[in-house]
Amino acid sequence: QVQLVESGGGLVQPGGSLRLSCAASGRTFTRYTMGWFRQAPGKEREFVAAISFQNGGTYYADSVKGRFTIFRDNAKNTVYLQMNSLKPEDTAVYYCAAGTGGRRHYNYDYWGQGTQVTVSS
């Protein structure tokens with residue numbers, strides 16, 4: 001089992017920045033690809049970004065590429081999502097997940113409880 005706890009969400013103005021954190025505990029953190037997903041009201045959960053456990057490679061949804069950065073600190077068992085140039089359409093509940101990787105939610109076995117990000121003036 002892997003337990004994931006997100007933090008860092010909040011209210012920010014358009015153009016602002018936030019950094020989300022996801023602290024992992026339980027089974028070896030470094031065995032998993034870590035991903036971030038988000039879900040807005042009335043919409044399906046969508047992939048945001050992921051970082052591979054094998055080589056640290058990263059990949060992003062087109063909608064956030066160039067604005068968001070995912071990185072991990074294996075010594076702290078924590079993965080981060082740095083979000084810059086935020087837009088109102090980034091408003092959603094953001095979830096951290098651990099699994100085998102990819103852009104599909106069903107590839108991830110463990111999920112956090114989510115943290116709300118609201119981008120509004």
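This is a short tour of one chain, from the whole fold down to its aromatic rings.

**Whole chain**

Start with everything shown. The model is predicted. Colour by secondary structure: the chain has 11 strands and 0 helices. Follow the ribbon along the sequence and the pattern reads β-β-β-β-β-β-β-β-β-β-β.

Next, reduce the view to the C-alpha trace. Along its principal axes the trace spans about 40 × 30 × 25 Å. How does the radius of gyration compare with that of a compact globule? The chain has 13 Å, and a compact globule of 121 residues would have one near 14 Å, so the two agree.

**Surface and contacts**

Turn on the accessible surface. The total is about 6200 Å², and carbon and sulfur atoms make up 45% of that area. Colour by burial instead: 45% of the 121 residues count as buried.

Now draw the contacts. Take those with a sequence separation of 6 or more; 56% of them join residues 24 or more positions apart.

Select the charged side chains. There are 13 positive and 8 negative charges. Their mean positions lie 5 Å apart.

**Aromatic rings**

Select the aromatic side chains. The whole structure holds 8 aromatic pairs. Zoom in on Phe37 and Phe47, an edge-to-face pair. Their ring centres are 5.7 Å apart, with 75° between the planes. Where along the chain do Phe37 and Phe47 sit? Phe37 belongs to strand β4 (residues 33–39) and Phe47 to strand β5 (residues 46–51). The two are 10 residues apart, and the pair links distant parts of the chain.

Are these two rings buried or exposed? The cut-off for buried is under 20% relative accessible area. Phe37 has 1% relative accessibility, so Phe37 counts as buried. Phe47 has 9%, so Phe47 is buried as well.

Move on to Phe71 and Tyr80. Their centres are 4.9 Å apart and their planes meet at 20°, so this pair is stacked. Check the cover on each partner. Tyr80 is buried, with a relative accessible area of 15%. Phe71 is partly exposed, at 29% relative accessibility.

**Last stop: the ring cluster**

Go back to Phe37 and Phe47, and add Tyr59, Tyr95, Tyr108 and Trp111 to the selection. Ring pairs link these residues into a cluster. Within this cluster, the edge-to-face pair of Phe37 and Phe47 is the one already visited.

Terms used. Residues numbered from 1 in each chain as written. Predicted model: local features only at pLDDT ≥ 70, side-chain atom pairs only at ≥ 80, totals over all residues. Heavy atoms only, no water. Helix = DSSP H or I, 4+ residues; strand = E, 2+ residues; numbered from the N terminus. Rg over C-alpha atoms; globule rule 2.2 N^0.38 Å. Buried < 20%, exposed > 50% of the residue type's maximum accessible area, 1.4 Å probe, protein only. Contact = heavy atoms within 4.5 Å. Areas by Shrake-Rupley, 256 points an atom, 1.4 Å probe, with all protein chains shown as cover. Lys, Arg positive; Asp, Glu negative; His and termini not counted. Charge placed at Lys NZ, Arg CZ, Asp CG, Glu CD. Phe/Tyr/Trp six-rings, centres within 6.5 Å; stacked < 30°, edge-to-face > 60°.
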